[in-house]
Amino acid sequence: MPYVIAEPCIDVMDRSCVDECPVDCIYEGSRKLYISPVECIDCGACEPVCPVEAISQDRAVDPDFEAHVADNATFFDTVLPGRDEPIGAPGGAMGIGAVGVDTELVAKHTPQA
Amino acid sequence: MSIDYSEKIPNNVDLAGDRKLQRALESWQPNFLNWWKTMGPAVPTEDVYLRTAVAVGREGWAHFDHVAMEEYRWGVFLAERNTDRKIAFGEQKGQPVWQQVPGEYRADLQRLIVIQGDTEPASVEQQRRLGETAPSLYDLRNLFQVNVEEGRHLWAMVYLLHAFFGRGGRDEAEALLQRNSGDLDSPRILGAFNEETPDWLSFFMFTYFTDRDGKYQLGTLKESAFDPLSRTCEFMLKEESHHMFVGTTGVDRVVTRAAELTRQYDTEEIGPHGGIPLDVIQKYINFHYSVSLDLFGSEQSTNAANYFTAGLKGRWQEERRKDDHVLTENSAKIDLVRDGVLTQDEVPALLALNSDLRTEYIADCENGLKRWNRVLENAGLDRRLYLPHLGFNRGVGLFSEHHITPKGDVVGPDVWEAKKDCWLPTEADKTHVRSLMKPVYEPGKIASWIAPPTKGINDKPFEYEYVHFS
């Protein structure tokens, strides 16, 4: 898995990374953004623009946020609440718009002020 | 500071406020344009749908439009300055970054900038004739986007040489236009930039493996205590992302088409059916990956150690690393061959910085292979592509005196000679790939050996007329 977005994005969703991504592989949940592990090309453009340093390569994720490595994939591989099938790899976030729901891990996270 | 497009040289460094520097760069500009005309893209075009930088901040930085390539606004763009920035590593860690070049580091910094700068025009030269055989207008446009941005990266390095290194810097800026890729008398500095890029499979491999090396080299220079260099490289990395996009998705599409043809004709021998066999794709991976590994230099390097200690060049993601950022007490393991056997040595971490950066790069490349193997898996094929052993086909570093197979076996020169055609592209392989390189310039059409992209550029469809010919 290439780049991942971790816990600091929750309830922040600055979206600067979305503008930088050359393959439109950053998808919008309700409280957090998620990088498609299938569509990400490992270019790294998203990482430096994140104001809360939520983005890193999977191999360099802060140990406290390790669960978010698998959770980014979960967002695409599992059937999210209110949906009929997994998001999969639709080839770009713009085509499907804001997904509007989160993974269980993110949904259960205590809201940040 | 916003980008001033009213000037002859677009910039966000207040060039108009430094008349001497402005005149120096304006006198270099015609030489650059002459180089572009003689060594840049050979296919004549009226205009191309290109991305041009219009800002460097968070508000968005790119503008897309049809542009006559020779009128592309090459300029000088640095990322925004952080006035609180401190040196993150080395013996001056914690001190303010430098806005001028300290005299004691002048020669080393100039050398680092010249080496980086030399790669930028080199790749344009290598790719000069590729437009004549583009598999689609979409791909032709992507090639030209890469070319104009490599030209801009040359401008970025030339600005630094002119602005901070006096006469020596100006002489080096001239020399960047005098050396040429593959020239026997005056070649480019690094080996990979003297290799041919004779076909589009090579181009996609180059933009995957060699431009990805650029991501890591620029990433280390972005950490530099010399703040103008850091800010320059930070902005270059934004543009470099597109080059990696071209490489990653380009190889994706070649593999996708190879898988389709393999399934359709139930054979991996898809050459007669207008495809590039997976075996040949593997050989190209072997070549481009191994040549790109050489760009990281020798596994043990006192130069790299000195650059780090002085604050000139950091590690990948330096500020996110959880160590003392000085490394005088740390050790690291490096791979090598001893007595004919692959083994590891523990050495001071400072001496192993090239190896450290290369390890990060290899992890990226492994992701690329996973991606391409996913294409094969989804196509129902058992065949898998792989990265060769890091000691395979090396011309630089500790492995360069040994013969190592892609699987990692140390062998003698006789075995190497007998088997190398199984591992590296042969003349017959290259001839076949070249035979497929026929231009497809009709909007919405694509060559037989590559799948179309899943989407166009900047929300335009694949069928969009990205290039108008003159």
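**Exercise 1. Helix H8 of chain B and its cover**

Task: In this predicted model, find which residues of H8(B) are buried and which helices are included in what covers them.

Solution: Begin with the cover, which includes helix H2 (106-126) and helix H9 (353-378) of chain B. Beneath that cover, the buried residues of H8(B) are B:Ala304, B:Tyr307, B:Phe308 and B:Ala310. Next, take B:Ala310, which lies in helix H8 (residues 302-310) of chain B. A residue is buried if 20 or more other C-beta atoms lie within 10 Å of its own, and B:Ala310 counts as buried because it has 20 C-beta neighbours inside 10 Å. When residues up to four places away in sequence are not counted, B:Ala310 touches B:Gly90 and B:Tyr105. B:Val291, by contrast, is 19 residues apart from B:Ala310 in sequence and 29 Å apart in space, C-alpha to C-alpha. Finally, look just past the helix, where H8(B) is followed by B:Gly311 with a positive phi near 90°.

**Exercise 2. A loop residue**

Task: Decide whether B:Leu424 is buried, partly exposed or exposed, and name the residues with which B:Leu424 is in contact, leaving aside neighbours within four places in sequence.

Solution: First locate B:Leu424, which sits in the loop between helix H10 (413-423) and helix H11 (427-436) of chain B. Then apply the cut-offs, by which 20 or more C-beta atoms within 10 Å make a residue buried and 12 or fewer make it exposed; B:Leu424 has 17 other C-beta atoms within 10 Å and is therefore partly exposed. With neighbours within four places in sequence left aside, the contacts of B:Leu424 are B:Lys283, B:Asn286, B:Phe287 and B:Asn393. As for its position relative to H8(B), the C-alpha atoms of B:Leu424 and B:Tyr307 are separated by 35 Å, with their positions 117 residues apart along the chain.

**Exercise 3. The hairpin of E3 and E4**

Task: Describe how E3(B) and E4(B) are joined, and say whether E4(B) lies largely in the open or is buried.

Solution: Strand E3 (residues 331-338) of chain B runs antiparallel to E4(B), and eight bridges join them. Two of the facing positions can be picked out: B:Lys333 stands opposite B:Glu346, while B:Val337 has B:Leu342 as its bridge partner. The hairpin has two residues between the strands, and B:Asp339 takes a positive phi near 55° there. For the second part, count the buried residues in strand E4 (residues 341-348) of chain B: the number is zero out of eight, so E4(B) lies largely in the open.

**Exercise 4. A sheet with a helix across it**

Task: Give the strand order of the open sheet of three strands in chain B, and state which helix lies across E1 and E7.

Solution: The order is E2-E1-E7 (chain B), and the pairing is antiparallel. Strand E2 (62-67) and strand E7 (467-469) of chain B are the edge strands, since each pairs on one side only. On average, neighbouring strands of this sheet are turned by 20° against each other, direction ignored. Three bridges join strand E1 (residues 45-53) of chain B to E7(B), and B:Val48 stands opposite B:Val467 in E7(B). The helix across E1 and E7 of chain B is H3(B), which runs at about 60° to E1(B).

**Exercise 5. H3 of chain B, its helix partner and the core**

Task: Work out how H3(B) and H4(B) are oriented to each other, and state how many residues H3(B) gives to the largest nonpolar core.

Solution: The axes of H3(B) and helix H4 (residues 166-178) of chain B come within 7 Å and cross at roughly 155°. Angles over 145 degrees count as roughly antiparallel, and the two helices are therefore roughly antiparallel to each other. By class, their contact has six nonpolar, two polar and two charged residues. On the side of H3(B), the residues that meet H4(B) include B:Leu154, B:Val158 and B:Phe164, and their counterparts in H4(B) include B:Arg170, B:Ala173 and B:Leu176. Turning to the largest nonpolar core, it has 149 residues, and those with the most contacts inside it include A:Ile5, A:Ile26 and B:Val158. Helix H3 (residues 137-164) of chain B gives the most to this core, with 17 residues.

Notes:
Residues numbered from 1 in each chain as written. Chains lettered and ligands numbered in written order. Predicted model: local features only at pLDDT ≥ 70, side-chain atom pairs only at ≥ 80, totals over all residues. Core = buried A, V, L, I, M, F, W, Y, C linked by C-beta atoms within 7 Å. Helix = DSSP H or I, 4+ residues; strand = E, 2+ residues; numbered from the N terminus. Axes fitted to C-alpha atoms, helices over the stretch in contact; angles between N-to-C directions. Parallel < 35°, antiparallel > 145°, perpendicular 65-115°, else oblique. Contact = placed C-beta atoms within 7 Å. Nonpolar A, V, L, I, M, F, W, Y, C, P; charged D, E, K, R; others polar. Pairing = 2+ DSSP bridges.
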